[in-house]
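Here is a short set of exercises to work through with the model open beside you. Try each task before you read its solution.

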Amino acid sequence: MKIFNRFLTKIKKENLVETGDKIVLGFSGGPDSVFLLEMFMKLKKIYQFDIILAHVNHLLRGEDAETDEKFTQKIGEIYNIPVYVKRIDITEKSKKENIGLEEAGRTARYEFFNEISEKEKCNKIALAHNLDDQIETFLFRMIRGTSLLGLEGINSHKNFIRPINELYKSEIMEYLNNNGISYRIDLTNFENEFTRNSIRLDLIPFIEKRYNKKFKDKIATLIEEIRDINSLLEVDYKNYELESEVLSLDLILKEQEYIQRKIINNFLSAYSIEVTHEKIKGILKVFSSEGSKEINLGKNYILKKQYNRLSIEQKQEQELKEAQEVLTLKIPGKVEFLNYIIEAEISDNAFGKNSFLTNLKEGDILRIRNRREGDRIIPCGMENSKKVKDILINEKIPKEQRDNIPILTKDEEIVWIAGVRGSEKYKASNKNGERVKLSVRRKDKWQG
């Protein structure tokens, strides 16, 4: 029980699991994910929470991958846990997105975990990274070049929790083997074709043998110290937002260069974009340039500088501004329109430009479409109507985005330019009574 007590101490210290949680567990069938599931099952005697297993078959290892998938399904049956499995051709994804196999696999897993989390209304995603993974990531990023934040290793972040990242692989293997617990082995982990595998199989053993047999312990201690330093210098990029997911260059430039780097680091990390020293250096260089600029960030993302605005957008295989059919939304409800998710719910609270509190009622029908020539709206707080086109220009919405912004209408009148301006006619009054909150968010942003 000693190792479980260490696990429990971390859970309590970082508040990683609470009663009422619903957790997606990224489950490969390997020792780490099996161990984490075992710890969770013991933890369920203390906290009441639900677990869902999510397994990705990368279609890389033939029969072994098929057996891993069947093993995962069997584990779900044994523990009476729901299991979701997705098969993804990682080789094809790697070629299509011009990224390595490792990065393609990681991206596919995170996308799937987020997909299941949203579908099952889960509030946390658990990943089975151990302390060896932390050390390998530290060395990998140091070799490639990264920031002080990047040298933290793999830590719990927002809804992603990593409850066993302070346990060595050897401790995990010892527990499983001593207790006769079955697990699957990925033989590709023993091939040094991939950079991370080479660090694990070649570099670390070489340093331990030649220089310091406790090398991993020293790196683990250093990671902890770096994490403590970073916590003292914590910067929230949202404090520099003009609006949701759009940063103010004017506000950023008021800070020292190190803080600027932290802001950009956090901004990129929110999209799970790999952060390197050279990438941040290139972005900082753009700050002093004239006019609009774009930087390719990899993974089909680009950073745009327009006016005093910085935003990250996902490249589209085809232009989103192509003609779209008009969608119908019955209150309450939720629909997807282009790259946006729009929701209408009964609520008294709305904050920021991405939500609008209205006097609409349950059962009302809204229609969602692109803007049209001649569209007009009476903006909140005004008596006369204005052209939607002029409002978008005044709000400094980039030209290429204007045709994609959802327009919500009722009886052919514009209720809300989503995320921009609401109608005076449809805004909620101060009187008590039923109110409907409209909200919008982009689909292309996921975190981890």
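Helices (H or I, at least four residues) and strands (E, at least two) are DSSP runs, numbered from the N terminus. The model is a predicted one, so local features need pLDDT of at least 70 and side-chain atom pairs count only at pLDDT 80 or more, while totals for chains, interfaces and linings use all residues. Residues are numbered from 1 along each chain as its sequence is written, and side-chain values use heavy atoms, with hydrogens and water left out.

**Exercise 1. Classify two ring pairs.**

Task: find how F4 and F7 are placed in their helix, and work out the class of their ring pair. Then do the ring geometry for F206 and Y211.

Solution. Start with the rule: rings of Phe, Tyr and Trp (its six-membered ring) pair if their centres lie within 6.5 Å, and planes under 30 degrees apart count as stacked, over 60 as edge-to-face and the rest as tilted. The rule yields 7 aromatic pairs. One of them joins F4 and F7, with 6.1 Å from centre to centre and 35 degrees between the planes, and is tilted. Both residues belong to helix α1 (residues 2-14), where they are 3 residues apart, about one turn of the helix. F4 and F7 are both buried (buried means under 20% relative accessible area, exposed over 50%, partly exposed in between, with a 1.4 Å probe and protein chains only).

Now take F206 and Y211: their ring centres are 6.1 Å apart and their planes stand at 75 degrees, so this pair is edge-to-face. F206 is partly exposed at 43% relative accessibility, and Y211 is exposed at 60%.

As a last step, follow the ring pairs onward: they link F4, F7, F40 and F49 into a cluster.

**Exercise 2. Look for charges over rings.**

Task: which ring does K44 lie over, and which ring has the charged end of R106 over it?

Solution. The test asks that NZ of Lys or CZ of Arg be within 6 Å of the ring centre and within 35 degrees of the ring normal. K44 lies over the face of F49, 5.1 Å from the ring centre. For R106, the ring is that of Y110, and the distance to its centre is 4.5 Å.

**Exercise 3. Describe how two helices pack.**

Task: are α2 and α3 roughly parallel or roughly antiparallel, and which residues make their contact?

Solution. First, the geometry: helix α2 (residues 31-43) and helix α3 (residues 62-79) pack at about 10 degrees, and their axes are 13 Å apart. Here axes are lines fitted to C-alpha atoms, for helices over the stretch in contact, and angles run from 0 to 180 degrees between N-to-C directions. Angles under 35 degrees count as roughly parallel, over 145 as roughly antiparallel, 65 to 115 as roughly perpendicular and the rest as oblique. The helices α2 and α3 are therefore roughly parallel to each other.

Next, the contact (heavy atoms within 4.5 Å): α2 contributes V34, L37, E38 and M41, and α3 contributes F71, I75 and Y79. Sorted by class, these are 6 nonpolar, no polar and 1 charged residues. The classes put Ala, Val, Leu, Ile, Met, Phe, Trp, Tyr, Cys and Pro as nonpolar, Asp, Glu, Lys and Arg as charged, and the others, Gly among them, as polar.

**Exercise 4. Inspect the backbone in loops.**

Task: what is phi of N15, and what is phi of D411? Then find the cis peptide bond before P332.

Solution. N15 is in the loop between α1 and β1 (22-26), and its phi is near 55 degrees, a positive value in a residue other than glycine. N15 is partly exposed at 44% relative accessibility. Not counting residues up to four places away in sequence, N15 touches K10 and K124. Its C-alpha atom is 9.8 Å from that of I161, 146 residues away along the chain.

D411 also is not a glycine, and it has a positive phi of about 55 degrees. Its loop runs between β18 (407-410) and β19 (413-417), and D411 is exposed at 62%.

Finally, I331 and P332 are joined by a cis peptide bond with omega of about -5 degrees. P332 lies in the loop between β11 (327-330) and β12 (333-337).
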